[in-house]
Amino acid sequence: MLSSFAQKVKAFIAENQLLQPESTYLLALSGGCDSVALLRIMIELNYHVAAVHCNFQLRNAESKRDEMFCEELCRSLKVPFHRVYFDTKAYASLHHVSIEMAARELRYDYFEKLRKDISADDILVAHHQDDNIETALLNLIRGTGIQGLLGMKPKNGHIIRPLLSVSRKEIEQYLSSIHQDYVTDSSNLVADVMRNKIRLEVIPLLKTLNPSVSDNISTTIKHLNEASNVLNSALKDGQKRVVSVYKQNQIAINIKALQKEVSPEYILYSVLSNYSFSSAQIENIAQSLNASTGKRWYSKTHELVKDRETLLIATRTQPTTKVLRVPEEGLFVWNEHIKFKINLSEITSCFEPSREPKQVTLDGEIIAFPLTIRCIKQGDRFQPFGMKGSKLVSDLLTNLKYSIIDKQQQLIVEDAHGHILWVVGVRVDQRFAVTKKTKRILTLTIVT
């Protein structure tokens, strides 16, 4: 006969389709109340688990005590036991993160590696209802938006949280009923980090205003999750109306279409948050939809530029001043994706000019080596094939509807006298085109 606690956890697992009876799971065991309860309830519900304990070497003798407790508990329950030691302080210093963040990154990276090594299906962690409330309040304070108020998901990738439906009090009562002891991490009793302050100070204060505050917040989180399903569906429809793929490496947001949406800023947030733009940046972008062409914003990973009636998003790259000298025929590497093949040959009676966008044929008699391959720069001018007068390269690209991002990445090939021979992939210079007097052909080919 299952206890009421076990029945509640079992129902939550079934409702969210979290676990399978035939699968094996890696269980994160700290020795504290929550993880010990998770281990005991998984055994009671007949799931196959192996435990892993992380010693972060932060609390001296207390850390060793926790490790020994977990080892003995697993031995008594006949549960496979794994342990790992981390130099958490050194990691935090090296990566310039807090101790709390360092411990999180270390343990989750290791959990995933061990999961694969032992062929476990998923990783079980002991987050419960109170943890979920703390997370929602933390995110509310940080201003992370609606998504942050949804709390933790029962399943996120390979991370599973079977105890989200039960409170810390219920967990303690369960352990007491089966006479199971556990260890207490003394650092959790000190209000020195934000989560501890919320647990030890904020929530008790809120309970003086309303003793049911935890239940009410949990109910609100549940309702918000249901509402988010409706919102996410509407956002996907909105994104389809305003977002498109521009060429191969850019995402385009149609500004006019965006402004017709019920909530342009929130549609914008749903798109740009995926590219590491902050809430403050997105708010500024939303207020700058009528800004002049060329205005830019940068996240850690991407850049966004206003280009006429479009917002373009591309992977962030450093402006390049790279110059590639080509002294003679051969194969020359621009980058890992692009190579240039340069070839000189005698013209034949059956010669036909290349019509391929990645290959051009020019009059090799009048072209002086060394050639230079570089990105365009301000003031670059040439005589486009088929025209009598000269034209700025930037104007030609504008006429061809090239985006600002495309322009800054555009390559040209010039000869030893600084004459532009080829705006790569776009147009050759009329002055170097093959004529009836041409005797030698210079062939330039892009190899990708």
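In strand β21, Val428 is the bridge partner of Trp422. The pairing of β20 with β21 (residues 427–428) is antiparallel and rests on 2 bridges. The model is predicted. The points below cover the hairpins around β20, an open sheet of 6 strands, a binding site recorded in UniProt, and the residue Thr443 in β22.

**Hairpins around β20**

- β20 and β21 make a hairpin with 3 residues between the strands. In its turn, Gly425 has a positive phi of about 80 degrees.
- Strand β20 (residues 420–423) also pairs with strand β19 (residues 411–414), in the antiparallel sense and over 3 bridges.
- Ile412 has Val423 in β20 as its bridge partner.
- The hairpin of β19 and β20 has 5 residues between its strands. Here the turn residue with a positive phi, about 80 degrees, is Gly418.

**Open sheet and the helices across it**

- The sheet has the strand order β3-β2-β1-β4-β6-β5, and its pairing is mixed.
- β3 (81–85) and β5 (155–156) are the edge strands, each pairing on one side only.
- Strand β1 (residues 24–28) runs parallel to strand β4 (residues 122–124), and 3 bridges join them.
- Within β4, Asp122 stands opposite Tyr25.
- Helix α3 (residues 61–77) lies across β2 (48–55) and β3. The angle between α3 and β3 is about 165 degrees.
- Helix α5 (residues 99–117) lies across β1, β2, β3, β4 and β6 (159–160). With respect to β2, α5 runs at about 145 degrees.

**Binding site recorded in UniProt**

- An unreviewed UniProt entry places the feature "binding site" at Ser30, Gly31, Gly32, Cys33, Asp34 and Ser35.
- Ser30 sits in the loop between β1 and α2 (33–44), whereas Ser35 is part of helix α2.
- Is Ser30 buried or exposed? Ser30 counts as partly exposed because its relative accessible area is 40%, which falls between the cut-offs of 20% for buried and 50% for exposed.
- Ser35 is buried because its relative accessibility is 4%, under the 20% cut-off.
- Not counting residues up to four places away in sequence, Ser30 touches Ser35, His53, Asp66, Cys70 and Val183.
- With neighbours within four places in sequence left aside, the contacts of Ser35 are Leu27, Ala28, Leu29, Ser30 and Ala126.
- Which backbone atom does the side chain of Ser35 reach? The side chain of Ser35 reaches the backbone nitrogen of Ser30, at 3.0 Å.
- A polar atom of the Ser30 side chain, in turn, lies 3.1 Å from the backbone nitrogen of Gly32.

**Thr443 in β22**

- Thr443 belongs to strand β22 (residues 440–447).
- Thr443 has a relative accessible area of 13% and is therefore buried, the cut-off being under 20%.
- Which residues does Thr443 touch, not counting those up to four places away in sequence? The residues touched are Lys341, Ile342, Asn343, Gln359, Val360 and Thr361.

How values were computed
Residues numbered from 1 in each chain as written. Predicted model: local features only at pLDDT ≥ 70, side-chain atom pairs only at ≥ 80, totals over all residues. Heavy atoms only, no water. Pairing = 2+ DSSP bridges. Helix = DSSP H or I, 4+ residues; strand = E, 2+ residues; numbered from the N terminus. Contact = heavy atoms within 4.5 Å. Axes fitted to C-alpha atoms, helices over the stretch in contact; angles between N-to-C directions. UniProt positions renumbered as here; feature names shortened; annotations may be inferred. Buried < 20%, exposed > 50% of the residue type's maximum accessible area, 1.4 Å probe, protein only. Polar contact = N/O pair within 3.5 Å; in protein donor to acceptor, adjacent residues only side chain to side chain.
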